Structure formats: C-alpha cells, structure tokens
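The exercises below are meant to be worked through with the structure in view. Try each task before reading its solution.

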Amino acid sequence: MNRLNTKSLSELNPGAAMPSFDRSEVKTGIVHFGVGGFHRAHMAMALDSLMSTGRALEWGICGVGLMPFDLRMRDALTDQDCLYSLTLKHADGTLEPRVIGSVAEYLYAPDSPEAVIEKLADETTRIVSLTITEGGYNFDRVTGEFDVLNPAVAADLEKDATPTTVFGFVIEGLRRRKERGLKPFTVLSCDNIQGNGNVAKKMFLAFAKLKDESLSSWIEHNVLFPNSMVDRITPVTTAQDIELVANLLGVRDAWPVVAEPYFQWVIEDEFTLGRPEFEAVGAQFVSDVEPYELMKLRLLNVSHQALAYFGYLSGYTFAHEAISDPAISSFVMKYMDNEASPTLRPVPGIDLQLYKKTLIERFANPEVRDTLARLCAETSDRIPKWLLPIIREQLANGRDITRSAAIIASWARYAEGIDEAGNAIDVVDPLKDLLVPIAKSQRENPLAFIQNEAIFGDLAKNEVFAAEYLRTLSSIFEFGAHKTVSALG
C-alpha cells in the first residue's frame, strides 16, 4: 500500500474526502508550536474546511516542533508533503475519513533554529498559535509566577543564546520584527488553561522582561494574546487506528488523527494582523471567553479526572467503559451538578443541563476508545489548574466539596503505582519521581499526598477538605475504589 502524499491522493478510496483547493497556492500565515493530534483535529481541520470554500489560502500553517519527541511528527509530515488524515468516529459506528491539507510546512527547530526565527519574523506570519500542554507555560503551580529556574529557560536568557524553548523563539521573532519595523503577530493559545491568553501574555512578558526590558514594553503595548476555549476529544492514535485508517483511505498515513464528531471553538476577537474567517466553519467569536472556558474546564476536563482514576482502579481500560458504569456516571453527574455548576458564570447561548447530558454521551462513545491511561496522565499539570479553584471557591462559600475531595483521593491512590490487583501502574507525570514515593507513604501518613504544598498549597490545613479527603481515601483502602465511588454516586 502506498504512503499518503500529494501523488497518492488520486488513489484514495471512494468516500474519503480530500482537499478541494490547490495546495500549491497555499501560503503560510500561521506558525504553530506543538503539532499533535489535538491541533490537527481542531485548528488545522477548521482551516482546511475554510480553504475548501476557496478562502484563507494565505493562512496556511507552518508547524514547529521543539522537543525530541517531535522528530516523529517531522518525519511523518515531511514524508507525506504535510498531508495527514482525520477520521471522525461516530457513536453509531459511522467513520468519516478525510485528508487535511492546511499544513503547508513543518520545521523541527533543532534542525535549524534560524529558519524558525526567520519564519516568525517574516511579515507573512500573522498568528503564532500554541498547543504546548498545560506544563509548557512554565509557571509555578502554587504562585502562578514564571519559573526562572527552569534550566532550558535560563539558558535561553543568556546573551546571544540560540533559542531552544518556545519563549526564546517567540521573543526573538518579535525582537526582529520590532527591529525591522514590522507589526507583531498575534499569539493565540489553544491549551486547556483558564485564561490561556492571559497566561501566555504573562509568561512571555516575564521572559521578555528578563531578556530585554524595552522589548518587553513594546510587546506589552503591541502584541495581542486572545483567550480561547477549544473542545474536541482526541485520543492517542493507536496501531489499530493506523491500520483502520489505511483500509479506509486505501493509502497509508504514518500518523493519522482520530476524534469524536463534537467540535467547539470559542475565541476572543482580538488580532493584530487579521485572522481567518473561522466563524464560517463553526467557531464562535466573543468578547469574553471566560464563561465558556470555565464551563469546559470544570465540567468536561474535571469530569475526565473524576472518571479516570476511579475507572482505572475499578478495572476499566477505556473512558466509555467507565462512564457506562452507573456508579461512576452518577458520581460524575453529581460532581457536575453539586460542585462544578455553582462556580460557573452564565454562559450565553448554552443550556448547561443539556451540555452536561451531552458530555456523558460523548464520554460514552464506544468508537473513540479514549483510554483512561491518557486521562490519568500529567495530572500535576491539570488538577491544580482545573479542580483546586473549584474546591477553594466551594469551601469559601460553605458549599459541597465531597466529590471534588474524592477525585483528589482517587488520584492519590492511583499515584501509588499499584492497582487493586497488585499490577504496576505506569504513572505518567512530570512530578512522578516526587509524587509516587509520597503516595506510597500515605498508608502511614494519610495526609501525606495533600501536604505537598507545591501542588495543593495549604489545603491540607483546611479541616473540612481534609476530613472529606480522608473519608474517601480510607474507604478506598478498606473497601476498594468501586465500592467507594458507588457510595459517593
């Protein structure tokens, strides 16, 4: 079977959609850091849809990889003329494959840092977008301040350093634009962080101020960092997905993307040099993203955490298996109704009860096969930003935190690295070496996990929270995860 590329498009099976525009006419207007499945299922897909209407050909994407794991993406995309496939998996088993052509080029920064900097400095680049994960913004989990002790960041701050971090590249690109009298690009974060644009602005400005104070002032007054909220469940591509997609397409894609059909993108309409007409393909432009992002982070993202650890410890592998368990689905819904919803602002145009019902249906899609292991990963970058603000707000108002505390307890039990059958758990977390030993000590000191102030601040000293946390943790130890979540649901 031939590899997906420009030449092999003519060999696609009937029913597999392909770009309807002339890709030779696509010019780069967006530089994107962090080309993974989510970006390719979201922004790149939306741009491809827009290009298929004959618009936005000047907004092609130049993907940029910074990390060693990006080498695989470099090779997959460059060998395929930057084409890749996206297959939507509907709950009824319907599969919707298409080839995406909006990525025009890909640069692996260690191959040529100068090429990346010049791409950023090029006047045709008008947006720099980011999916660098929650941890990529380099801020302290407790203070929220820029982490100047990060060795890679410290190296980039040295005089005349060749950049290796996203901060070094973006700030040097802006420096050259300022030097050349060019207007700055917009920095558009697409990561799952509350106020992602505000966070990006704070972190990039912090780096710039340490590097060049006058440049920092220019950035602060001229660069826009719109907030955005993005939503589409995009599981990790498996070997089975690669084979499935090859059979659907009739050609082999080295790294296809699979995703659910649901798509939502809400963006603040603040751009320095214009933007594509994303509203024509389903995006929503608003003056204030916060109500939408709070809804998504506190209902969808935390609900994923709510089902992930209890589901994994109950013996399930996939999200749809866990949410199909009445005890777990009831627990998740009660968390959403009693603890998350009271912290939300009114969301224009959204029926919250319908949204929550739709979330359960999305989680239950058996075709997506989203693994609980994926949802359990990188928790130390997630729960502090998504769940702890809910707990603190609920405590401040004397409201229920029963299930929020239980989610933390289920994470603490999972972080021991051994499941209830005695099998090893592959804990994937940037703080694994710190968290696993602490979790293993909690049989002797049950508060040990939440006494880690780098993550939880002073929550362990709150008697209400500590009591609820200990009640659940003790139940998990004595009765197991499933009996515990059944009682909570």
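**Exercise 1.** Is the crossing of α12 and α21 left-handed or right-handed?

*Solution.* Before starting, note that this is a predicted model, in which local features need pLDDT of at least 70 and side-chain atom pairs count only at pLDDT 80 or more, while totals for chains, interfaces and linings use all residues. Residues are numbered from 1 along each chain as its sequence is written, and side-chain values use heavy atoms, with hydrogens and water left out.

Begin with the elements: helices (H or I, at least four residues) and strands (E, at least two) are DSSP runs, numbered from the N terminus. Helix α12 covers residues 326-340 and helix α21 residues 481-488, and the two pack at an angle of about 50° with their axes 8 Å apart. That makes α12 oblique to α21. The crossing is left-handed, a term used if the near helix is turned anticlockwise from the far one by less than a right angle.

Finally, look at the residues that meet: Ala 327, Ile 328, Phe 331 and Lys 334 from α12 face His 482, Val 485, Ser 486 and Leu 488 from α21.

**Exercise 2.** Describe the surroundings of Ser 380, beginning with the loop in which it is found.

*Solution.* Ser 380 lies in the loop between α14 (372-376) and α15 (383-386). With a relative accessible area of 0%, Ser 380 is buried, a word that stands for under 20% relative accessible area (1.4 Å probe, protein chains only).

Next, consider contacts, meaning heavy atoms within 4.5 Å. Leaving aside neighbours within four places in sequence, Ser 380 is in contact with several residues, including Arg 141, Trp 411, Asp 429 and Ile 455. With Asp 429 there is also a polar contact between the two side chains, at 2.5 Å; such a contact is a pair of N or O atoms within 3.5 Å, where within protein one must be able to donate a hydrogen and the other to accept it, and residues adjacent in sequence count only if both atoms are side-chain atoms.

**Exercise 3.** Which residues are on each side of strand β8, and with which strand does β8 pair?

*Solution.* In β8 (residues 228-231), Ser 228 and Val 230 lie on one side and Met 229 and Asp 231 on the other, and all of them are buried, so that both faces are covered. Strand β10 (residues 264-268) pairs with β8 in the antiparallel sense over four bridges, where pairing requires that DSSP finds at least two bridges. Within that pairing, Met 229 has Val 266 of β10 as its bridge partner.

Methods
Buried means under 20% relative accessible area, exposed over 50%, partly exposed in between (1.4 Å probe, protein chains only). Axes are lines fitted to C-alpha atoms, for helices over the stretch in contact, and angles run from 0 to 180 degrees between N-to-C directions. Angles under 35 degrees count as roughly parallel, over 145 as roughly antiparallel, 65 to 115 as roughly perpendicular and the rest as oblique.
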